[in-house]
Amino acid sequence: MRREPRWHVLTVNPARDELTPDSPLPEPLAGLGDAVDVQIRRAAGDRGVELAVRLRDGAQSPVTEGVRRLAGRDPNQAIRAALREAKQLLETGEVLHPDFPPTTQTTVVNKPLQMATRQGRREGRL
Amino acid sequence: MKALLWQGVNELSVDEVPDPTMRNEQDAIIRVRKTATCGSDLHLLGGYIPFMERGDVLGHEFLGEVVEVGPQVRKHKVGDRVVVCSFVSCGHCWYCQQQQYSLCDNGNTNPAITESIWGFAPGGCYGYSHALGGFAGSHAEYIRVPYADQGAFTVPDEVSDERALFASDAAPTGWMGADLGGVKAGDVVAVWGAGGVGQMAARAAVLLGAERVIIIDRFANRLQMAEKYLGVESLNYQTQDVGGELLERSGGRGPDVCIEAVGMESHSTGPQYLYDQVKQQLRLESDRPIAAREAIYHCRKGGSVFLLGVYANLVDKFPLGALMNKGLTLRGAQQHGHRYIPMLLERMARGELVTEHLATHTMPLDEAPHGYNMFKNKLDGCVRAVFEPAR
Ligand SMILES: NC(=O)c1ccc[n+]([C@@H]2O[C@H](COP(=O)([O-])OP(=O)(O)OC[C@H]3O[C@@H](n4cnc5c(N)ncnc54)[C@H](O)[C@@H]3O)[C@@H](O)[C@H]2O)c1
Ligand SMILES: [Zn+2]
Ligand SMILES: [Zn+2]
């Protein structure tokens with residue numbers, strides 16, 4: 001089965017900022033450049049605005065500069081992270097950062113969970 | 001600074017860690033004055049929530065003084081005495097605006113972990129593992145509080161530190177159970193678990209107009225405490241017949257609202273305890289839902305059951321038949337504290353809600369491992385151990 005690039009969608013609560021199909025893209029999404037298609041549409045039931053992002057056809061090939069730069073290995077991770085950050089910027093005005101410096105150390109025991117957590121900032125469902 | 005660190009399953013230490021720093025413009029840094037143990041910590045300590053790293057700071061029920069605020073913090077200034085909700089919520093997403101603060105979309109920096117286990121991610125919580133954001137906990141000299149205007153509440157002068165501390169977690173959790181469980185004037189309400197959370201749920205039921213409130217546990221000291229400070233009845237499941245008593249005390253109808261404040265390490269006198277313990281140890285079941293099963297079984301037809309106790313994942317032998325055929329409403333949630341804390345502080349100021357009796361053992365932070373041992377094993381009548389990092 002050929003895997004179609006999937007639309008990653010999330011909903012932004014409009015209370016703070018107005019977002020219309022003609023608005024400039026929030027910065028984290030604009031940063032993905034022309035590697036992605038973006039749709040902005042009104043959400044059902046006045047839930048706000050839906051932001052949908054999909055990898056452009058062919059963009060997975062290594063020549064696509066924007067994706068390689070932003071995504072590291074997996075462009076879907078970059079899309080999900082950019083969507084989350086865009087939503088946080090629009091809703092709260094900033095992107096929430098984890099505590100720093102950490103109180104934990106990288107030990108053999110901690111390593112697997114630390115990797116899962118780093119992944120957790122990008123992957124997952126939206 | 002000094003902090004209480006999780007070092008492994010059932011292993012704690014007090015050690016030096018770097019001070020927290022401001023990471024966002026809406027952050028505040030709080031100097032912790034009092035920080036309490038909570039039943040939720042026991043699930044982390046025992047390894048039932050496998051997302052702790054060696055070196056993580058525990059603790060999420062706390063009160064302190066603001067020592068630094070970010071440029072976007074409007075409500076607080078340096079020197080304010082604040083109690084902080086244990087959940088991290090942004091105040092602006094759709095869930096926050098529905099007052100379902102613990103479901104905040106923007107409070108957890110690692111949402112993928114819980115999205116994978118549960119389908120969607122709730123908000124973050126201090127000292128509650130990397131699944132709930134990996135935020136450092138409050139058993140430390142200082143703590144970073146994100147979205148400080150949302151999560152930190154100035155304590156009125158009339159309310160002591162000892163009382164206000166529990167407006168952070170136990171009191172709003174209990175209140176939510178009674179409120180969202182739908183307690184109405186004249187109801188008969190049964191509460192499983194007489195820890196800090198169950199006691200606060202029972203008191204909330206009284207204040208919301210319930211006519212009879214019955215709290216269930218096996219520790220006589222906790223039951224006596226509930227009778228004395230909350231004005232409720234008690235039931236000892238080790239020496240009394242819970243089903244028979246509940247029927248008798250509710251005119252044969254069964255309680256209208258059943259609140260479960262026990263969680264996944266529930267204890268029982270019957271053979272099912274062994275069954276659940278073995279399955280949990282073998283990782284065939286992650287949680288032991290004994291009190292939840294009982295609450296569902298004893299609830300009246302058409303009644304409501306609210307789960308305040310924390311569950312991580314899967315349970316066994318869940319009484320779906322009773323739930324469905326009796327037409328019950330089952331709900332649960334992590335606490336939506338932001339919704340209740342201002343009201344609770346007012347009630348504390350008026351003397352309607354007393355909480356300081358929960359703090360049975362107060363000690364310096366250095367003694368926290370000992371405090372957890374007493375709290376976990378319910379030694380010396382410990383209901384909540386409270387640590388004072390400045391002492
Ligand atoms: N929903 C939330 O936001 C939230 C917030 C705080 C705590 N909690 C959870 O609430 C639960 C209780 O917390 P706590 O701080 O009061 O803990 P606690 O350990 O002090 O109290 C639990 C009590 O339950 C009793 N118990 C055990 N098995 C029982 C049974 N079968 N029937 C009746 N009672 C039984 C114990 O004897 C104990 O007194 C925990 O699961 C905790 O994780 C949830
Ligand atoms: Zn708690
Ligand atoms: Zn929110």
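## Briefing: chains A and B, and ligand 1

Where chain B and chain A touch, 39 residues come from chain B and 32 residues from chain A. Keep in mind that this is a predicted model. Putting the two chains together buries about 3200 Å², with 51% of that on carbon and sulfur atoms. On the chain B side, the residues losing the most area to chain A are Arg23(B), Glu53(B) and Trp94(B), which together make up 18% of what that side buries. The points below go through the interface, the ligand shell and a couple of backbone oddities.

**Polar and charged links between the chains**

- Going by the salt-bridge rule, there are three salt bridges across the interface of chain B and chain A.
- One pair to look at is Arg144(B) with Asp99(A), a salt bridge whose closest N and O atoms sit 2.7 Å apart.
- Polar contacts are counted too: 20 residue pairs between chain B and chain A, both partners at pLDDT 80 or more.
- Over all chains, the salt-bridge count comes to 26.
- Arg144(B) belongs to strand β9 (residues 142-145) of chain B, while Asp99(A) is in the loop between α3 (75-92) and α4 (111-120) of chain A, so this pair joins two chains.
- As background, side chains of opposite charge can pair when their charged atoms come close.

**What chain B brings to the interface**

- Three elements of chain B each supply at least two residues of the side that touches chain A: β4 (56-57), α2 (94-97) and α3 (111-118).
- α3(B) gives the most to that side, with four residues.
- By residue class, the side of chain B that touches chain A splits into 17 nonpolar, 13 polar and nine charged.

**Ligand 1 and its shell**

- There are 31 residues around ligand 1, and the ones that come nearest are Ser40(B), Asp217(B), His267(B), Gln335(B) and Lys378(B).
- Gln335(B) also turns up through its backbone: an N or O atom there lies 2.7 Å from an oxygen atom of ligand 1.
- A polar backbone atom of Val197(B) is 3.1 Å from an oxygen atom of ligand 1.
- For Gly193(B), the partner is a nitrogen atom of ligand 1, which is 3.5 Å from a polar backbone atom of that residue.
- On its own, ligand 1 exposes 860 Å², and the protein buries 96% of that.
- Elements giving two or more residues to the shell are α1 (39-45), α7 (196-207) and β12 (212-217) of chain B.
- α1(B) gives the most to the shell around ligand 1, with three residues.
- The shell residues divide into 12 nonpolar, 13 polar and six charged.

**Backbone oddities in chain A**

- The peptide bond running from Phe100(A) to Pro101(A) is cis, with omega near -5°.
- Pro101(A) sits in the loop between α3 and α4 of chain A, and Asp99(A), the salt-bridge partner of Arg144(B), is in the loop between α3 and α4 of chain A as well.
- Asp46(A) has phi near 55°, a positive value in a residue other than glycine.
- You'll find Asp46(A) in the loop between β2 (36-42) and β3 (49-55) of chain A.
- For context, most residues other than glycine have a negative phi, and most peptide bonds are trans.

Key
Residues are numbered from 1 along each chain as its sequence is written. Chains are lettered from A and ligands numbered from 1 in the order in which they are written. This is a predicted model: local features need pLDDT of at least 70, side-chain atom pairs count only at pLDDT 80 or more; totals for chains, interfaces and linings use all residues. Side-chain values use heavy atoms; hydrogens and water are left out. Contact means heavy atoms within 4.5 Å. Buried area is the accessible area (1.4 Å probe) that two parts lose on being put together, summed over both. A salt bridge is a side-chain nitrogen of Lys or Arg within 4 Å of a carboxyl oxygen of Asp or Glu. A polar contact is a pair of N or O atoms within 3.5 Å; within protein, one must be able to donate a hydrogen and the other to accept it, and residues adjacent in sequence count only if both atoms are side-chain atoms. Ala, Val, Leu, Ile, Met, Phe, Trp, Tyr, Cys and Pro count as nonpolar, Asp, Glu, Lys and Arg as charged, and the others, Gly among them, as polar. A residue is near a molecule or strand if one of its heavy atoms lies within 4 Å of it. Accessible areas come from the Shrake-Rupley method with a 1.4 Å probe; for residues, only the protein chains shown count as cover.
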